[in-house]
Amino acid sequence: MVTSKLVRIANQATAEDIAAAAEISATQTFREKTLGIRVAAGPNLSEDEQGDVWSLWETNTRALVEPSSLGYHPKEKRKELFHRFARFILVFDHDVQENREEAALVAFSKFRFERDQGEDLLYCYELQVSETYRNAGLGRFFVEKLTAIGKHWHMSKIMLTVLKSNVAARQFYSKTGFIVDPISPDYESTSEDDTPEDDEPEHEAADYEILSKALD
């Protein structure tokens, strides 16, 4: 795996370090609803928490990825979700316990610090919000906290992948400062130097985009 000094330092950060850097408190109110918040490393999630993360991801995303070029690969996805360098911001509703002692997971963002294409990145792998809790500011909360975390550890940008069919997500990311990154498959440069020659073969358009938000 390609890495850098900055990424190695960031990957040593504890959940407490990340929460402090982004000023993430144990609770926050969204539209008059107080929710619990916790930062955690992927390997430190309990079995129940991993199950809740997987359930929310499947509910929100399976129907989108299954027919796409990304595909639905449960074994590989679970490995990616709970990778040793995965970091989570988890949001819980303590008023909903789903027949057990733990509060219900209602939203999460999963990210990693990575080195790619010569840049140090905070890669947002997931930003998932339960349908009942949408339009309450949770998405913007995640973007604000990821921005603070990325800046604290001197990452150059936040990067993520979004399916073109996920129109609502694309609109949200556009409103929160994300643009199509130059490494996205269908990136269209405005530079005359990058204008394709007439005899260059056309390629099939990708069904996803790579977006980024500069942090410097």
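This passage walks through the sheet, the helices packed on it, the main pocket and a few loop residues of a predicted model.

We can start with the sheet. It is open, has 8 strands and mixes its pairing, with the order β1-β2-β3-β4-β5-β6-β8-β7. At the edges sit β1 and β7, each of which pairs on one side only. As a reminder, strands of a sheet pair through backbone hydrogen bonds, and they can do so either parallel or antiparallel.

Some of the pairings are worth picking out. Strand β4, covering residues 104-116, runs antiparallel to β5, and 10 bridges join the two. Within this part of the sheet, Ala 107 stands opposite Val 129 of β5. Further along the order comes β8, made up of residues 208-214, and this strand is mostly covered, with 5 of its 7 residues buried. Strand β8 has antiparallel pairings with β6 (residues 157-163), over 7 bridges, and with β7 (residues 179-180), over 2 bridges. To find these pairings in the viewer, look for Lys 213 of β8, which has Ile 158 opposite, and for Leu 211 of β8, which is the bridge partner of Val 180.

Next come the helices that lie on the sheet. Helix α4, residues 74-81, lies across β3 (87-93), β4 and β5, and its direction makes an angle of about 115 degrees with β5. Helix α5 lies across a longer list of strands, namely β1, β2 (33-41), β3, β4, β5, β6 and β8. Its angle to β5 is about 160 degrees.

Then there is the empty space. Rolling a probe the size of a water molecule over the atoms shows where such space is left. In this model the largest pocket holds about 1400 Å³. It is lined by 40 residues, and those closest to its centre are Leu 127, Gln 128, Asn 166, Ala 169 and Tyr 173. Two or more lining residues come from each of α3 (47-65), α4, β5, α5, β6 and α6 (167-175). Strand β5 gives the largest share, with 7 residues. As for chemistry, the lining divides into 20 nonpolar, 11 polar and 9 charged residues.

That leaves a few loop residues. Two of them have a positive phi without being glycine: Glu 23, with phi near 50 degrees, and Asn 135, with phi near 60 degrees. Glu 23 belongs to the loop between α2 (15-21) and β1 (27-30). Its relative accessibility is 67%, so Glu 23 counts as exposed. Asn 135 is found in the loop between β5 (119-129) and α5 (138-152). This residue is likewise exposed, because its relative accessible area is 69%, and the cut-off for that label is over 50%.

Glu 66 is the last residue to mention, and its place is in the loop between α3 and α4. At 42% relative accessibility, Glu 66 is classed as partly exposed, since that label covers values between the 20% limit for buried and the 50% limit for exposed. Leaving aside residues up to four places away in sequence, Glu 66 touches Gly 71 and Tyr 72.

Notes. Residues are numbered from 1 along each chain as its sequence is written. This is a predicted model: local features need pLDDT of at least 70, side-chain atom pairs count only at pLDDT 80 or more; totals for chains, interfaces and linings use all residues. Side-chain values use heavy atoms; hydrogens and water are left out. Helices (H or I, at least four residues) and strands (E, at least two) are DSSP runs, numbered from the N terminus. Buried means under 20% relative accessible area, exposed over 50%, partly exposed in between (1.4 Å probe, protein chains only). Two strands pair if DSSP finds at least two bridges between them. Contact means heavy atoms within 4.5 Å. Axes are lines fitted to C-alpha atoms, for helices over the stretch in contact, and angles run from 0 to 180 degrees between N-to-C directions. On a 1 Å grid over the protein atoms alone, a cavity is a set of points where a 1.4 Å probe fits but cannot get out, and a pocket is an open set with protein on both sides within 12 Å along at least five of seven lines; lining residues have an atom within 4 Å of a point. Grid points are joined across faces, edges and corners, and a volume is the space filled by probe spheres set on the points. Ala, Val, Leu, Ile, Met, Phe, Trp, Tyr, Cys and Pro count as nonpolar, Asp, Glu, Lys and Arg as charged, and the others, Gly among them, as polar.
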